[in-house]
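Visitor: Could you take me through one part of this protein in detail, and set that part against the whole chain? I would like a careful account.

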Amino acid sequence: MSEKVGFDELRLKYKDVLSKAFTTNNIDLLDSFSKNANESDRKSAMDQAFRDKLLDLLLEEPNTLESYVNFCIESCRRQMVTATMPVVLLGDIFDALTLNKCEKMFMYVENGVNIWREELFFVACKNHLLRMCNDLLRRLSRSQNTVFCGRILLFLAKFFPFSERSGLNIVSEFNLENVTEFGGDNTSTLKDALDEEMVVDDDKNKLVIDYNLYCRFWSLQDFFRNPNTCYNKLQWKTFVAHSGSVLSAFSSYKLEAVELQKSKLNILKSVNSDVEMTENKEQHYFAKFLTNQKLLELQLSDSNFRRCVLIQYLILFQYLMSTVKFKMESQELKSDQIDWVKETTALVYKLLGETPPDGKQFAECVKRILKREEHWNSWKNDGCPEFQKPKPPVQAENEEVKRSRKRRRPVGDIIKEYSGTDKFFMGNNDLTRLWNLCPDNLAACRTKERDFMPSLESYMLSGEAGECVGGWGWRALRLLARRSPHFFVHTNNPIGRLPDYLDDMVKKITREVAANNVSNNTNGDSNINNDKAKVEQTEEELTEEQIETDIIKEEDSTDLEQAPDSTHDDDKPTRSKITMISATQLHAVSTKLPEWKKLAAKLGYKPDEIQFFDTEYTTEEARAKNMLQLWFDDDEDASVENLLYTMEGLNMTDACHALKNTK
């Protein structure tokens, strides 16, 4: 209760300050006063104060409403009230005003469409604006307030973007509720009354209208509001019969009287200029035509009425002939129906051209409008994508690229520059560097440093085989051929691709070398000394005879002799190729694996297995340690090198350092 009293007091204070600030047009006064309160309490109290002040203005000063809404917009930009407050005030104003005053006030909403599309107001106010416009449309009559309804719809079209889904008829539905009711009762009394009142003497400028024509004419509106009924065989025959009667009636009555009347008015304009004003006052437009039986003759003599009906025909024909995404497979015209539509379309355009005033110009305008509608139909078939600014033409892009490129130096100048330093320019940076390594290239090729052959293990495991598969895969094949005399043998599994085959060989040699390292570690001191001697032997000292004696006796032999490892520079540490991990290494790595679950998933453990480690052990170190121990025991590819490679890929630098620095 006390909170409500405090809010009411704050609201009344804000209302008094708001009245003073609005009267003096001093928004700084309101801003300085509102900073003393909490933001949430301030905005809620200020919102209510604005609405209370609006009620006073509606009674006392209704001419200041637009200025008051502008004052509220500026308050929103200063974060004094919520962003929806200006539209809420407009909704209250429209609820309190009459329709005539609402129509004048709506001009303010139309002129401020750029304000409502600002980032501050658009997201917050779009639903409120849509609700306000719908409330106005419900109050208006579409037959009496046609212009005001159109202005509201045009405002919504300007306010919302084209891609707004709420304003798009995505599935191409028709307004089936727009039913045209007419006196379709064929009782004898009504029929006789029509025949008596509508039968006219034979006159070239008069049209004979009977009850049958009246019913056929207004029955066409059912086809216009639901074009899909034309795909029904029986309904199509009805539509063709009714259209024939109506269009023949239009053709027999050319509205010549209207043309004569217009020519008479043109003659009178030269005599009296006031006739033009009289003519403009007599121009009327009716959005909804009446279906009274006695009015059909007069309506058929109205050019606007005739144009409305003929344009309905063209819209219907365009839908029937167009490809619409949501049409059913059965909704397709046959060849004879297509021919009839084309002939009738030509007839309709002919009648439009004969309908005054400016019939031919009006018909061309309708053609352009319907042509434009084809593009909208294609846009809807594509799912109504958002509109984007067109990219600059290719020619303009090429010109910009040409301007941005630096001018290349002439080749002669480059050759002259290299010649001054006793070097050669080969046209390629790599070739130029290789060619200028030694002044005498033939002598450089005869040096002893170039006369060597790497071992199979050093070449395959160093990564050179994989890097050079594109152009130098033959080197790896030559080393494999020298390693085993059984390399070129017949097999039932031919090599598919050279890169795949070399990848398999790299994996196989990796496992064999790692197995030999384990077996060599179990030997005595003599074997260790032999290994050291082999490591000290460099690739340059290897001869072709020593490589040829290194032969694989069995494919899966575990007694494969350890090939000399490739030497590396002092600044490039080598990875350990020991298959099994020591207890010290396992402990050191486990202490540096807080994210052991990520590593477990990378090593191939399933979620339920990871959950087992998580529930079975109490500490993260114990979970990581048991997970790694189980991986080394069960996985054939488990090795220190693979573990190190996997952890490097996961950016586990602390664990990698611990594994490298522990023996």
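Guide: Helices (H or I, at least four residues) and strands (E, at least two) are here DSSP runs, numbered from the N terminus. On that basis the secondary structure of this predicted model comes to 34 helices and zero strands. Of the 663 residues in the protein, 33% are buried, and the accessible surface amounts to about 43700 Å², with 51% of it belonging to carbon and sulfur atoms. When contacts between residues at least 6 apart in sequence are considered, 70% of them join residues at least 24 apart.

The part to look at closely is serine 590, which is placed in helix 29, residues 583-590. Serine 590 has a relative accessible area of 2%, and because buried means under 20%, this residue counts as buried. Apart from neighbours within four places in sequence, serine 590 is in contact with Glu621, Ala624, Lys625 and Leu628. With one of these residues there is also a polar approach, since a polar atom of the serine 590 side chain lies 3.5 Å from the backbone nitrogen of lysine 625.

As for confidence, the protein averages a pLDDT of 77, and 73% of the residues score at least 70. Among its elements, helix 17 (residues 335-354) has the highest mean pLDDT, 95, whereas helix 28 (residues 544-549) has the lowest, 40. The pLDDT is below 50 over residues 199-204, a stretch that has six contacts in the model beyond near neighbours in sequence; it is also below 50 over residues 273-281, where the corresponding number of contacts is five.

Notes. Residues numbered from 1 in each chain as written. Predicted model: local features only at pLDDT ≥ 70, side-chain atom pairs only at ≥ 80, totals over all residues. Heavy atoms only, no water. pLDDT = per-residue confidence, 0-100. Contact = heavy atoms within 4.5 Å. Buried < 20%, exposed > 50% of the residue type's maximum accessible area, 1.4 Å probe, protein only. Polar contact = N/O pair within 3.5 Å; in protein donor to acceptor, adjacent residues only side chain to side chain. Areas by Shrake-Rupley, 256 points an atom, 1.4 Å probe, with all protein chains shown as cover.
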